[in-house]
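This report introduces a single structure to a reader who has not met it before. The sequence and the coordinates are shown first, and the description follows under short headings.

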Amino acid sequence: MEVQGWAALFAPKGSIPAAGLARLESQLTLALKSDTVRGKFATIGVMPVIQSRADTAKFMQAEVNRYAAVIQARGIKAE
């Protein structure tokens, strides 16, 4: 099984108005495209991936499905 780490920025649903979310997404995209930010990430071996909120939600659902299948197939239980 291949596992890769990832990170995303989250806020409680409904806590940021739509206009604020759009601006936050726009500003984060600009930051992640900047040479300064990319350089800082590169020093720790991280390559930022820029995704829309919708694409991030799809990615997260795919991760849930993938790990749920592994958990079910292996009979993993919380202790």
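## A salt bridge within helix H3

The model described here is a predicted one. Glu-63 has a relative accessibility of 12% and therefore counts as buried, since the term applies under 20%. Its salt-bridge partner is Arg-66, with 3.2 Å between the closest N and O atoms. Arg-66 has a relative accessibility of 32%, so that residue is classed as partly exposed.

Both Arg-66 and Glu-63 belong to helix H3, where 3 residues, or about one turn of the helix, separate them.

## A salt bridge between helices

The whole structure contains 2 salt bridges. In addition to the pair described above, Arg-53 forms a salt bridge with Glu-25, and the closest N and O atoms are 2.9 Å apart. Because Arg-53 lies in helix H3 and Glu-25 in helix H1, this pair ties together parts that are 28 residues apart in sequence.

Arg-53 is partly exposed at a relative accessible area of 44%. Glu-25 is also partly exposed, at 24%.

## The span of helix H3

Helix H3 covers residues 53-74, which makes 22 residues. At 1.5 Å a residue the helix should span 32 Å, and its end C-alpha atoms are indeed 32 Å apart, so the two values agree. Just after H3, Gly-75 adopts a positive phi of about 65°.

## Trp-6 and its surroundings

Trp-6 is located in the segment that precedes helix H1 (18-33). With a relative accessibility of 40%, Trp-6 counts as partly exposed. Together with Phe-10 and Phe-59, Trp-6 makes a nonpolar surface patch of about 320 Å².

Pro-48 is placed in the loop between helix H2 (35-43) and H3. Its relative accessibility is 13%, and Pro-48 therefore counts as buried. Although Pro-48 and Trp-6 are 42 residues apart along the chain, 9.2 Å separates their C-alpha atoms.

## The largest pocket

The largest pocket holds about 1200 Å³ of space. Its lining consists of 34 residues, of which Ala-7, Ala-8, Leu-9, Gln-51 and Thr-56 are the closest to the pocket centre. The elements that give two or more residues to this lining are H1 and H3. Helix H3 gives the most, with 7 residues.

Methods:
Residues numbered from 1 in each chain as written. Predicted model: local features only at pLDDT ≥ 70, side-chain atom pairs only at ≥ 80, totals over all residues. Heavy atoms only, no water. Helix = DSSP H or I, 4+ residues; strand = E, 2+ residues; numbered from the N terminus. Expected span 1.5 Å × (residues − 1). Patch = residues over 30% accessible without salt bridge, like charges linked within 9 Å, V, L, I, M, F, W, Y side chains within 5 Å. Areas by Shrake-Rupley, 256 points an atom, 1.4 Å probe, with all protein chains shown as cover. Salt bridge = Lys/Arg side-chain N within 4 Å of Asp/Glu carboxyl O. Buried < 20%, exposed > 50% of the residue type's maximum accessible area, 1.4 Å probe, protein only. 1 Å grid on protein atoms, 1.4 Å probe; cavity = no way out; pocket = protein on both sides within 12 Å on 5 of 7 lines; lining within 4 Å. Points joined across faces, edges and corners; volume = space filled by probe spheres on them.
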